Amino acid sequence: MAGTLETQEMLDFCSQHNISADVEIISAADIEDGFKRLDRGEVRYRLVIDMATLDVPVEAITLS
């Protein structure tokens, strides 16, 4: 895992060279299916959860 400085350098490099990630956006309701697809090796791109589809306000979520 990289630290904050290395991560920022990588993001700056990607920005300067127009490099972006391929992602598949899924709804919060599809998280379980997303995990199953990951287990089966069916996910081609990074799965990103659309936080707007959560049933709770994002401010109410605490990360441990």
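**Group meeting: a walk along the chain**

Let's start right after the opening helix: α1 is followed by N18, and the phi of N18 is positive, near 55°. Before we go on, please keep in mind that this is a predicted model.

Now back to that helix. α1 covers residues 4-16, which makes 13 residues. From the first C-alpha of α1 to its last, the reach is 18 Å, close to the 18 Å expected at 1.5 Å a residue.

Moving on to the strands. Strand β1 takes in residues 23-27, and 5 bridges join β1 to β2. The two strands run parallel. If you would like a pair to click on, try E24, whose bridge partner in β2 is L47.

What links up with these strands? Helix α2, residues 31-40, joins β1 and β2 in making a β-α-β unit, and that unit is right-handed.

Next, have a look past β2, which spans 46-50: V56 lies in the segment after that strand. Is V56 buried or exposed? With a relative accessible area of 44%, V56 counts as partly exposed, because that value falls between the 20% and 50% cut-offs.

V56 also has company on the surface. I49, M51, V56, I61 and L63 form a nonpolar patch there. Together these residues have about 460 Å² of accessible area.

One last distance for your notes: V56 and A28 are 28 residues apart in sequence, and their C-alpha atoms are 11 Å apart in space.

That's my tour, thanks for listening!

Key: Residues numbered from 1 in each chain as written. Predicted model: local features only at pLDDT ≥ 70, side-chain atom pairs only at ≥ 80, totals over all residues. Heavy atoms only, no water. Patch = residues over 30% accessible without salt bridge, like charges linked within 9 Å, V, L, I, M, F, W, Y side chains within 5 Å. Areas by Shrake-Rupley, 256 points an atom, 1.4 Å probe, with all protein chains shown as cover. Salt bridge = Lys/Arg side-chain N within 4 Å of Asp/Glu carboxyl O. Helix = DSSP H or I, 4+ residues; strand = E, 2+ residues; numbered from the N terminus. Buried < 20%, exposed > 50% of the residue type's maximum accessible area, 1.4 Å probe, protein only. Expected span 1.5 Å × (residues − 1). Pairing = 2+ DSSP bridges. Right-handed = clockwise from strand over helix to strand, strands pointing away.
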